[in-house]
Protein chains: 2
Amino acid sequence: MPPIKVKMLETEGGKGGAKAAPSKRPRAQTRIQREKQEVILEAALDVFSREGFRGATIDQIAEAAGMSKPNLLYYFPRKEEIYQRLLAEMLDIWLAPLREIDSVGDPVPELRSYLRRKLEMSRDYPRQSRLFANEMLQGAPRVLEMLETDLKALVDDKAKVIEGWMDAGKIVRTDPYHLIFSIWATTQHYADFDVQVRAVLGKDRGGEGRFEDAARFLENLFLHGLLPK
Amino acid sequence: MPPIKVKMLETEGGKGGAKAAPSKRPRAQTRIQREKQEVILEAALDVFSREGFRGATIDQIAEAAGMSKPNLLYYFPRKEEIYQRLLAEMLDIWLAPLREIDSVGDPVPELRSYLRRKLEMSRDYPRQSRLFANEMLQGAPRVLEMLETDLKALVDDKAKVIEGWMDAGKIVRTDPYHLIFSIWATTQHYADFDVQVRAVLGKDRGGEGRFEDAARFLENLFLHGLLPK
DNA sequence: CAGAAATTTGACCAGTTGGAAAAAACGTTA
DNA sequence: TAACGTTTTTTCCAACTGGTCAAATTTCTG
């Protein structure tokens with residue numbers, strides 16, 4: 001499956017770096033280019049995920065990356081370009097677990113594993129999650145199209161898988177779309193609303209253990225619900 | 001219970017309007033003052049909930065409110081002040097359903113009613129929800145303190161209620177904090193990720209009916225889980 | 001209706017923003 | 001080490017930002 005493409009503006013192929021040498025075929029990337037681009041993307045992820053696209057400034061990113069603004073602009077000539085790179089990268093990471101849901105598998109291990117994976121993403125890539133959340137809050141101006149095509153197709157497909165499980169009587173008959181939404185919501189909550197979760201749990205329970213607790217709770221919730229049998 | 005207070009800067013008591021008449025006791029609010037402030041707050045909610053604090057500009061808000069920037073600044077001398085007003089207002093609305101959870105009630109109707117109320121908030125006040133989400137993504141700089149005190153206290157209290165239900169054997173023994181988180185997450189998802197939900201559901205299922213579907217799904221999920229008995 | 005108070009407008013300002021341009025410094029390799 | 005391509009810095013700019021201020025206009029009250 002090809003990686004998700006975010007609609008790139010006229011980015012000259014997105015292969016950032018040296019200012020378009022006129023009509024000469026572009027050289028391979030330098031070591032420095034690769035390293036600095038990495039540093040910049042890392043810093044930009046920090047800033048964009050906190051402030052959103054409009055709220056973030058190139059100066060902030062440059063400072064976080066430990067370089068001057070013009071220097072940063074040497075590697076990524078547009079703010080927009082950095083943002084889109086991060087967004088595309090994020091979408092790939094983000095969708096991987098859903099893609100892995102297997103139609104031949106049994107629902108219990110499949111769902112359990114999907115929950116676990118999504119929760120791990122919130123733990124290991126919280127900034128990516130917040131970047132995406134920021135984009136959603138703004139109405140997804142850059143990814144709406146891909147949500148309506150690629151994502152919808154993928155979810156349609158997995159909804160079919162879930163319906164197969166229902167037909168086989170392996171899980172209760174319910175709405176597969178809202179099931180997927182609720183898994184997304186509950187797991188991403190631990191990245192997007194991390195401050196709140198930590199504030200409410202307090203110092204003693206707000207440590208890294210909270211992800212273990214969350215995993216246990218969510219597994220029980222999704223499999224058994226709250227009512228005793 | 002007193003309304004939540006967001007830490008106000010030196011806002012002269014937050015009673016916006018006419019430029020502080022020196023040492024004269026402030027007059028009552030004019031009709032125009034009340035009306036325009038309402039228009040401004042409404043427009044600001046639109047803009048702030050989409051762009052976040054930094055991303056929003058006074059010009060945008062003024063235009064959405066149909067007035068000039070200096071005119072807007074006549075009613076709210078600081079951008080920060082508008083934002084804080086909206087945030088405080090939001091927190092009150094947002095916490096009301098949680099406050100209503102009753103210790104004497106039976107868990108099934110109580111939880112069902114809490115879910116329904118929270119989902120109604122996402123349907124009826126989606127911008128407020130997104131405003132709050134934006135603030136969380138930024139690390140809650142303006143409300144962290146109140147999350148750690150007021151909100152934590154409230155949740156601690158309600159967690160006790162839920163534990164009471166467990167002691168009585170009325171619901172399964174589980175983590176009450178993560179239960180509350182999961183209710184927040186699943187319901188707010190329909191406001192904060194509205195674009196995505198609609199994109200995935202598509203034109204036919206993305207209408208207002210999605211809230212009905214979500215309510216039915218969530219009720220079943222929380223009460224019974226996915227596995228057949 | 002006159003006068004005072006409230007509201008609106010237009011001109012303005014200092015600081016920030018995304019980005020351009022050119023020159024200077026650096027690294028590499030023949 | 002000279003020459004060339006790469007990287008970095010310096011300087012600069014026009015547009016935008018939050019906000020001020022005084023003058024003009026409108027609304028209210030006696």
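Modeller: Before we begin, a helix here is a DSSP run of H or I with at least four residues, numbered from the N terminus. The model is a predicted one.

Biologist: Which helices supply at least two residues each of the surface near DNA strand C?

Modeller: Chain A supplies helix H3 (69-75), while chain B supplies helix H1 (31-55) and helix H3 (69-75).

Biologist: How many residues surround DNA strand C, and which are the closest?

Modeller: The strand is surrounded by 19 residues, and the closest are Lys69(A) and Arg78(A) together with Gln33(B), Lys36(B) and Tyr75(B). Of the atoms of DNA strand C within 4 Å of the protein, 69% belong to sugar and phosphate.

Biologist: How do the residues of that surface divide into nonpolar, polar and charged?

Modeller: Eight are nonpolar, five are polar and six are charged.

Biologist: Which side chains have an N or O atom placed by a phosphate oxygen of DNA strand C?

Modeller: Among them is Arg78(A), with a side-chain N or O atom 2.7 Å from a phosphate oxygen. For Gln33(B), the corresponding distance is 2.6 Å.

Biologist: And what is the distance for Tyr74(B)?

Modeller: A polar atom in the side chain of Tyr74(B) is 3.1 Å from a phosphate oxygen of the strand.

Biologist: Changing topic, what rotation superposes chain A on chain B?

Modeller: A rotation of 180°, with 0.0 Å of shift along the axis and an RMSD of 0.0 Å. This is the relation of a two-fold axis.

Biologist: Why do the copies meet through the same surface?

Modeller: Because 99% of the interface residues of chain A are interface residues in chain B as well.

Note on methods:
Residues are numbered from 1 along each chain as its sequence is written. Chains are lettered from A and ligands numbered from 1 in the order in which they are written. This is a predicted model: local features need pLDDT of at least 70, side-chain atom pairs count only at pLDDT 80 or more; totals for chains, interfaces and linings use all residues. Side-chain values use heavy atoms; hydrogens and water are left out. Copies are superposed by least squares on the C-alpha atoms of residues with pLDDT of at least 70 in both. Contact means heavy atoms within 4.5 Å. A residue is near a molecule or strand if one of its heavy atoms lies within 4 Å of it. A polar contact is a pair of N or O atoms within 3.5 Å; within protein, one must be able to donate a hydrogen and the other to accept it, and residues adjacent in sequence count only if both atoms are side-chain atoms. Ala, Val, Leu, Ile, Met, Phe, Trp, Tyr, Cys and Pro count as nonpolar, Asp, Glu, Lys and Arg as charged, and the others, Gly among them, as polar.
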